[in-house]
Amino acid sequence: MAAGLLLLGSALLCAALGSAGAALIPPAPDVKVEVLHKPFLCHRRTKWGDLMLVHYEGFLERDGSMFHSTHKHNNGQPMWFTLGIREALKGWDRGLKDMCVGEKRKLTIPPALAYGKEGKGKIPPESTLIFNIDLLEIRNGPRSHESFQEMDLNDDWKLSKQEVKIYLKKEFEKHGAVVNDTQHDALVEDIFDKEDEDSDGFISAREFTYKHDEL
């Protein structure tokens with residue numbers, strides 16, 4: 001009996017110590033989002049799968065130096081990207097949801113959600129990054145559920161690169177945007193790199209609509 005109580009007491013003590021140890025482990029850092037400006041009216045908020053047109057400036061937190069700016073390094077042109085498919089940084093996917101056209105946000109992104117241990121170009125390994133991001137426009141992206149049937153021109157329940165390119169081109173032209181074939185091709189290739197999970201050259205209906213938990 002005494003031995004049984006002793007074993008039970010030891011088990012409870014180990015469990016308590018284990019819980020205490022787990023409590024001491026800090027949670028993984030997340031993106032810090034600061035809204036610098038928000039428009040009075042917001043007719044649409046960004047969601048995963050939307051195409052976003054943004055101007056941004058990127059800085060290293062450690063010394064405040066700028067490593068990129070669409071105003072200075074992109075011929076003054078804003079940048080299109082698709083939210084939620086890791087087309088940009090993980091930190092962007094997390095920090096730019098529910099954003100309005102005309103809104104400006106400051107994102108502070110830890111290394112794990114940026115370029116991690118490897119770094120990239122002017123960005124050293126393990127760098128925390130700061131971005132000032134202006135949202136200029138939102139459009140339906142290729143991940144939108146409403147777009148699949150419109151994109152699937154031959155009704156075979158899968159999307160070819162040509163079908164995706166035709167759809168994107170129509171969307172841009174509809175809104176009067178000028179995007180050349182090279183930009184379209186690059187965007188389509190990037191989409192397929194991330195969405196064509198079985199690498200068969202097509203995006204199936206399942207691949208198109210499935211949302212990964214980590215996004």
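A pocket, as I use the word here, is an open set of grid points where a 1.4 Å probe fits, with protein on both sides within 12 Å along at least five of seven lines. I keep in mind throughout that the model is predicted.

**Entry 1, the second largest pocket.** I looked up the second largest pocket and found that its volume is about 350 Å³. Its lining is made up of 17 residues, and those lying nearest its centre are Tyr56, Ala88, Leu89, Tyr115 and Lys120. I then asked which elements give two or more residues to this lining, and noted strand S3 (66–69) and S4. The largest share, three residues, comes from S4. Sorted by class, the lining of this pocket holds eleven nonpolar, two polar and four charged residues.

**Entry 2, the chain as a whole.** I stepped back to the protein chain, in which there are seven helices and eight strands. The chain has 215 residues, and 37% of them count as buried. I also looked at contacts between residues at least 6 apart in sequence, and 64% of these join residues at least 24 apart.

**Entry 3, the nonpolar cores.** In soluble globular proteins, nonpolar side chains tend to be buried together. With that in mind I looked up the largest nonpolar core, which has 22 residues, and recorded Trp92, Leu96, Ile109 and Phe131 as those with the most contacts inside it. At least two residues of this core are supplied by each of strand S2 (51–60), strand S5 (104–109) and strand S6 (129–139), and the largest share, five residues, comes from S6. I followed Leu96 further: leaving out residues up to four places away in sequence, Leu96 touches Thr46, Met52, Phe81, Leu83, Arg105, Leu107 and Ile133. There is also a second, separate core of 16 residues, and I noted Leu53, Leu168, Val188 and Ile203 as included in it.

**Entry 4, helix H5.** Helix H5 covers residues 161–174, and its 14 residues reach 20 Å from the first C-alpha to the last, close to the 20 Å expected at 1.5 Å a residue. Which residues of H5 are buried? I listed Glu163, Val164, Lys165, Tyr167, Leu168, Glu171 and Phe172. The buried residues of H5 pack against S2, strand S4 (79–82) and S6, and also against helix H4 (148–151), strand S7 (158–159) and helix H6 (181–195).

**Entry 5, Thr108.** I found Thr108 in strand S5 and wanted to know whether to call this residue buried or exposed. Thr108 counts as buried because its relative accessibility is 15%, and the cut-off for buried is under 20%. Apart from its neighbours within four places in sequence, Thr108 is in contact with Asp30, Val31, Lys32, Glu34, Glu61, Thr128, Leu129 and Ile130.

**Entry 6, two positive phi values.** Most residues other than glycine have a negative phi. I therefore wrote down Asp155, whose phi is near 55°, a positive value in a residue other than glycine. Asp155 is found in the loop between H4 and S7, and counts as exposed because its relative accessibility is 59%, where exposed means over 50%. Ser199 is another residue other than glycine with a positive phi, again near 55°. I located Ser199 in the loop between H6 and strand S8 (203–204), and noted that Ser199 is exposed, with a relative accessible area of 63%.

Methods: Residues are numbered from 1 along each chain as its sequence is written. This is a predicted model: local features need pLDDT of at least 70, side-chain atom pairs count only at pLDDT 80 or more; totals for chains, interfaces and linings use all residues. Side-chain values use heavy atoms; hydrogens and water are left out. A nonpolar core is a set of buried Ala, Val, Leu, Ile, Met, Phe, Trp, Tyr and Cys residues joined through side-chain atoms within 4.5 Å. Buried means under 20% relative accessible area, exposed over 50%, partly exposed in between (1.4 Å probe, protein chains only). Contact means heavy atoms within 4.5 Å. The expected span of a helix is 1.5 Å times one less than its number of residues. On a 1 Å grid over the protein atoms alone, a cavity is a set of points where a 1.4 Å probe fits but cannot get out, and a pocket is an open set with protein on both sides within 12 Å along at least five of seven lines; lining residues have an atom within 4 Å of a point. Grid points are joined across faces, edges and corners, and a volume is the space filled by probe spheres set on the points. Ala, Val, Leu, Ile, Met, Phe, Trp, Tyr, Cys and Pro count as nonpolar, Asp, Glu, Lys and Arg as charged, and the others, Gly among them, as polar.
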